[in-house]
Amino acid sequence: MKKTVLIERKTPVVGIPRALLYYRYAALWETYFRELGIKTVLSPPTSRQILEDGAAMAVDETCLSVKIFYGHVKALIGKCDFIFVPRIATFGLRREMCIRFSALYDQTRNVFRETHQRFLSYNLDANENIDQEKAFLNMGETLALGYSPAELKKAYAAAEKADQRAWREKLRAQEQILKSKGLKILLVGHPYILDDPYLGRPITDFLRSMDVLPLRADIVNRDTAIKRSLDVSPSCKWEVNRELLGGVEMLKKEVDGVILVSAFPCGPDAMTNDLVTRKVKDVPLLNLVMDTQTGSAGTETRLESFVDIIRLKKGVL
Amino acid sequence: MAKQLQKEIRMKQISFPRYAEYNCCIKYGLEHAFHNVRYIMPPPLTRQTEELGERNSPDYVCTPFKTLLGSEIEALEAGADTVIMTHGACRLGYYGELQEQILHDLGYQCELINLSSYATGKRRDWLRLLKHVDPKLNLPKFIQVARDTLKMVEYVDDVTAEYYKNVGFDATDGEYRKAYRKFLASLNIADSRADIEADYRTVKREFQEIPLDKPDRPLRVGILGELYTVMDAYSNRNLEQKLADMGVEVHRWMTITNQVVHYSNVKNLEPKIKDLCTYSMGPTSTANIWFAKTCAEHHFDGLIHVKSANCTPEIDIMPVLQNISSTYKIPTLYLTYDTQTSDVGLLTRLEAFYDMIATRKKALS
Ligand code: SF4
Ligand code: SF4
């Protein structure tokens, strides 16, 4: 058997925008690159500045989430060899991402054409027979650093494991809150909105400051959620929205109120949130739409009165 | 007489909302393929249709959802008991389910046949749908009618394309326009494949015979954009007619024939735009980017990109179109339509655009 010779690889630095699906796949992405010996840099947490920078680059009608994403891309320019923008399209029949994620890689390249920045991508499109593992192996090859298929497979396996571990961690934290006593409110929104330090975090923090326990519709057993979503919406095809619809079904009896949080003007949410409003009648509902102008003061007032109404109804105010 | 009446009562009164000039084809297809269907033609779109849709739709859903919903309500008021909503990529695939919920919440006891529920990629599910509509379905006949209907769609697209290329140069007193309107009207009462063929031959002959007063190199504008708004003349406030009336040769590739019936051809366009994008960015994106690039390479005088407000995939290709525009130096006008878009406002913008491309053409030649 030939002994492996240690090859000195000149590995690139990959920049990861701390936005959009980073909040879903952080462990998966970071572990994969680490396993391959590739250094990553993360853009700083969203700030007003990042939002404004991104909005200035974007077509005005783009959703807030993508505007923020551009701000993060901009923050990484000059700080790495590649900026990482996967194209994540489909996972199967009626299991698609919002169409914007199909466009994201090419859209970003075109928006930042003048900067000559290089981008790195993987293409996940199960309906075209490219599942996640294959997507990662393909990406490993495009790096052209001489990784063997076995090395790439091993890195992917480790990444997937880390991803599942991180996911179980989140589920456990949510279980804890479910078991606790107190007023519970279910937050329904894309993870990159709810987890964003500038958009969603202030909402969670504010609720906590009012002694409310915030729960998350997206942190539930995903297979069950996908199945349960059919009860409310048989033809919905957006993966994340199906998880959210299913999550609402699974948790609506456990909570005292539901808050829908979306980014203006989100394509899928505009429709599924309307459906939820029409179908979920037995629990108080608040609809928050965030855009570039949303100020925290206005949001806090609405949250406050929503919580007051719930407490009033329960006779604890 | 009584028998006739009873038969009439047993008929399903099916409608499909207004969509460009295709409703005559839908009528032909439904009434000929099924023995128990009468097609209810929804009234032509008006401001009222849009307001009706707007009032009952979620705020920031894309505009075609609102327009189609308005048209469905008008069809129900006109006597339909069943509405068909198509499946499709993007949000279109979700229109049916939400519209059904809204219609039921409004108190309409109608059935909504949502093609999305049957679009599983399996033939058997489509058959299930056909049997649901007509338990006595004659499948060979259905297939024949489907073919005839597609032919009809192809003719509508072919004639419409020729119309907008030439109508701006009609040397007579509106004969070209009359021939086109007559063609569409006669398709509405076509009863056989022979009728369809005859109507097509007639209009093509008439188009040939009407004298045109067209320069060798007229102003040429390429129109592209979102599937519904770019084709539906009411929704785009007669964009193509307005341009033609200014003396422009109007080209539009995006039609049901090109985009939907021959979708496999669209896939083949991907390699031709590799310099601009690596992946398919959305269902109509490849064709639109390819068409914009092709017009630019053929020295068209301008491009107009048409979309409804909040249309995700069309917003997403705008950065690519902006790059085409700057690489090839082709003026591009971006139009976003919602239910508030006014005729006058559009005309003003088109006139300014026209002046710009006309001046530019003079300066360059
Ligand atoms: S799901 Fe909504 S917020 Fe997310 S990318 Fe699509 S449009 Fe934007
Ligand atoms: S293509 Fe545009 S208008 Fe059509 S469904 Fe998608 S977002 Fe709506």
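Me: In this predicted model, is A:Phe112 buried or exposed?
Reply: Happy to start there. This is a predicted model, so the answer is a computed one. Buried means under 20% relative accessible area. A:Phe112 has 2% relative accessibility, so the residue counts as buried.

Me: Which residue forms an aromatic pair with A:Phe112, edge-to-face?
Reply: The two ring centres are 5.8 Å apart, and the planes meet at 75 degrees. Planes over 60 degrees apart count as edge-to-face, and this pair is described that way. The partner of A:Phe112 is A:Tyr70.

Me: How many residues apart are A:Tyr70 and A:Phe112 in the chain?
Reply: A:Tyr70 belongs to helix H3 (residues 64-76) of chain A. A:Phe112 is in the loop between helix H4 (100-111) and strand S6 (118-120) of chain A. The pair therefore links distant parts of the chain, and A:Tyr70 itself is buried, with a relative accessible area of 0%. The two residues are 42 residues apart.

Me: Are the rings of B:Trp290 and B:Phe291 stacked or tilted?
Reply: Both residues are buried. Their ring centres lie 6.4 Å apart. Stacked planes would be under 30 degrees apart and edge-to-face planes over 60; here the angle is 50 degrees, so the pair is tilted.

Me: How many aromatic pairs are there over all chains?
Reply: Some of the rings join up: ring pairs link a cluster whose members include A:Tyr25, A:Trp29, A:Phe84 and A:Tyr156. Also in that cluster are A:Tyr32, A:Phe33, A:Tyr122 and A:Phe136. Over all chains, the count comes to 27 aromatic pairs.

Me: Which ring does the charged end of A:Arg222 sit over?
Reply: For a charge to sit over a ring, CZ of Arg must be within 6 Å of the ring centre. In chain B, B:Arg220 lies over the face of B:Phe300, at 5.9 Å from the ring centre. For A:Arg222, the distance to the ring centre is 3.9 Å, and the ring is that of A:Trp167.

Me: How many disulfides are there over all chains?
Reply: A disulfide needs two cysteine sulfur atoms within 2.5 Å. For B:Cys25, the nearest cysteine sulfur is that of B:Cys24, 4.1 Å away, and B:Cys25 is in no disulfide. B:Cys295 is in no disulfide either, with the sulfur of B:Cys277 nearest at 16 Å. Over all chains the number of disulfides is 0.

Me: What is the relative accessibility of B:Cys295?
Reply: B:Cys25 counts as buried because its relative accessibility is 1%. B:Cys295 counts as buried too, and its relative accessibility is 1%.

Me: What area do domain 1 of chain A and domain 2 of chain A bury between them?
Reply: Chain A is assigned domain 1 (13-162) and domain 2 (180-314), with C-alpha centres 26 Å apart. In the contact, 24 residues of domain 1 of chain A meet 25 residues of domain 2 of chain A. Carbon and sulfur atoms account for 60% of the buried area, which is about 2,200 Å².

Me: Which three residues supply 46% of the area that domain 2 of chain B buries against domain 3 of chain B?
Reply: In chain B, domain 2 spans 151-214 and domain 3 spans 218-365. The contact takes 12 residues from domain 2 of chain B and 14 residues from domain 3 of chain B, and about 1,100 Å² is buried between them. On the side of domain 2 of chain B, the three that supply more than any other three residues are B:Asp157, B:Tyr164 and B:Lys165.

Me: Which residues of chain A lose the most area to chain B?
Reply: The contact between the chains takes 42 residues from chain A and 46 residues from chain B. About 3,500 Å² is buried between them, 55% of it on carbon and sulfur atoms. Together, 18% of what the chain A side buries comes from A:Ile99, A:Met271 and A:Arg278.

Me: Which residue does a cis peptide bond join to A:Phe264?
Reply: The omega angle of this bond is about -20 degrees. The partner is found in the loop between strand S10 (257-263) and helix H11 (267-279) of chain A. That partner is A:Pro265.

Me: Is B:Lys329 buried or exposed?
Reply: B:Lys329 has a positive phi near 50 degrees and lies in the loop between H14 and strand S8 (332-337) of chain B. Exposed means over 50% relative accessible area. At 58% relative accessibility, B:Lys329 therefore counts as exposed.

How values were computed:
Residues are numbered from 1 along each chain as its sequence is written. Chains are lettered from A and ligands numbered from 1 in the order in which they are written. This is a predicted model: local features need pLDDT of at least 70, side-chain atom pairs count only at pLDDT 80 or more; totals for chains, interfaces and linings use all residues. Side-chain values use heavy atoms; hydrogens and water are left out. Buried means under 20% relative accessible area, exposed over 50%, partly exposed in between (1.4 Å probe, protein chains only). Rings of Phe, Tyr and Trp (its six-membered ring) pair if their centres lie within 6.5 Å; planes under 30 degrees apart count as stacked, over 60 as edge-to-face and the rest as tilted. Helices (H or I, at least four residues) and strands (E, at least two) are DSSP runs, numbered from the N terminus. A charge sits over a ring if NZ of Lys or CZ of Arg is within 6 Å of the ring centre and within 35 degrees of the ring normal. Domain bounds come from an automatic or database domain assignment. Contact means heavy atoms within 4.5 Å. Buried area is the accessible area (1.4 Å probe) that two parts lose on being put together, summed over both.
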